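Here is a short dialogue on how to read helix packing and a surface patch. Look over the sequence and the model before reading on.

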Amino acid sequence: MSGLVIALRKDLLLQWRGRLQIVAVFAFGAAALLLFSFAVGPDSLALRQHAAGFLWLALLLASTLSLAESFEHELEDRAIEGLLLLPAGPRALYYGKAIANWTQLALLGVALVPVMVVLYDAGTTRLLPLLGIILLGTAGLSAPGTLYAAMTAQARARQALLPLLLFPLVVPVLLAAVKATSLVILGDPMGQLRPWTTLLGLFCVVHVSLCGLLFGRVVEDG
């Protein structure tokens, strides 16, 4: 546990020092939401109906920018090899990095919600369920995203290679998150929110568990 705390503290500190990059990622996500609204047109009903899908697409696209650079500092002077020699173990290093990435993606998702509300007229008073869905959905993105970021860290085209590997894997997470978010925004007369949220949580548990087991082999082989 102490190794996990140390790894998490290190990654959070690095993210804080690179907070200008976080602002740039948010600007990219907001710009994506704006462009999606142009694609739909001035139809307010259609904008509101598609708001949840566009929110998660913008978050997914923006997340690849931060995930692709999440191992940049570890690759400098081959620092990742030194980290693997610590008694913490590769699994603690993975979960520290994954939690840090999850924190950043969750904050990004929360920050994009007001942009969605303004552009798509998709306001809702069910803020706690929406926050829970964002936390689960971003966990489902950050877990495999961290693993694939480690796999592609040494590739020259890692910013292009990471989405090619990540997007097919997170399709179930994306579908469940979009459906649950849409039910929060548009209403849930049939009581479908709980099954979709449960499904989203199951995807998160599977990704977090499997990626934690595979991380050691990925970094050792790399």
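The turns below take up a pair of helices and then a patch on the surface of this predicted model.

Q: How are two packed helices described?

A: Two numbers serve: the angle between the axes and the distance between them. Here, helix α2 (residues 19-40) packs against helix α6 (residues 90-120) at about 35 degrees, and their axes are 10 Å apart.

Q: Is the crossing of α2 and α6 left-handed or right-handed?

A: The crossing of these two helices is right-handed.

Q: Which residues of α2 and α6 meet?

A: On the α2 side they include Ile22, Phe26, Gly29 and Leu33, and on the α6 side Gln104, Leu108, Leu112 and Tyr120 are among them. By kind, the residues of this contact are 14 nonpolar, three polar and no charged.

Q: Which residues make the nonpolar surface patch?

A: Trp102, Val110, Leu128, Leu131 and Leu135 form a patch of about 430 Å². Helices α6 and α7 (127-151) each supply at least two of the patch residues. Val110 belongs to α6.

Q: Which helix gives the most to the nonpolar patch?

A: That is α7, with three residues.

Terms used:
Residues are numbered from 1 along each chain as its sequence is written. This is a predicted model: local features need pLDDT of at least 70, side-chain atom pairs count only at pLDDT 80 or more; totals for chains, interfaces and linings use all residues. Side-chain values use heavy atoms; hydrogens and water are left out. Axes are lines fitted to C-alpha atoms, for helices over the stretch in contact, and angles run from 0 to 180 degrees between N-to-C directions. Helices (H or I, at least four residues) and strands (E, at least two) are DSSP runs, numbered from the N terminus. A crossing is left-handed if the near helix is turned anticlockwise from the far one by less than a right angle, and right-handed if clockwise. Contact means heavy atoms within 4.5 Å. Ala, Val, Leu, Ile, Met, Phe, Trp, Tyr, Cys and Pro count as nonpolar, Asp, Glu, Lys and Arg as charged, and the others, Gly among them, as polar. Patches are made of residues with over 30% relative accessible area and no salt bridge: like charges are joined within 9 Å, nonpolar side chains (Val, Leu, Ile, Met, Phe, Trp, Tyr) within 5 Å. Accessible areas come from the Shrake-Rupley method with a 1.4 Å probe; for residues, only the protein chains shown count as cover. A salt bridge is a side-chain nitrogen of Lys or Arg within 4 Å of a carboxyl oxygen of Asp or Glu.
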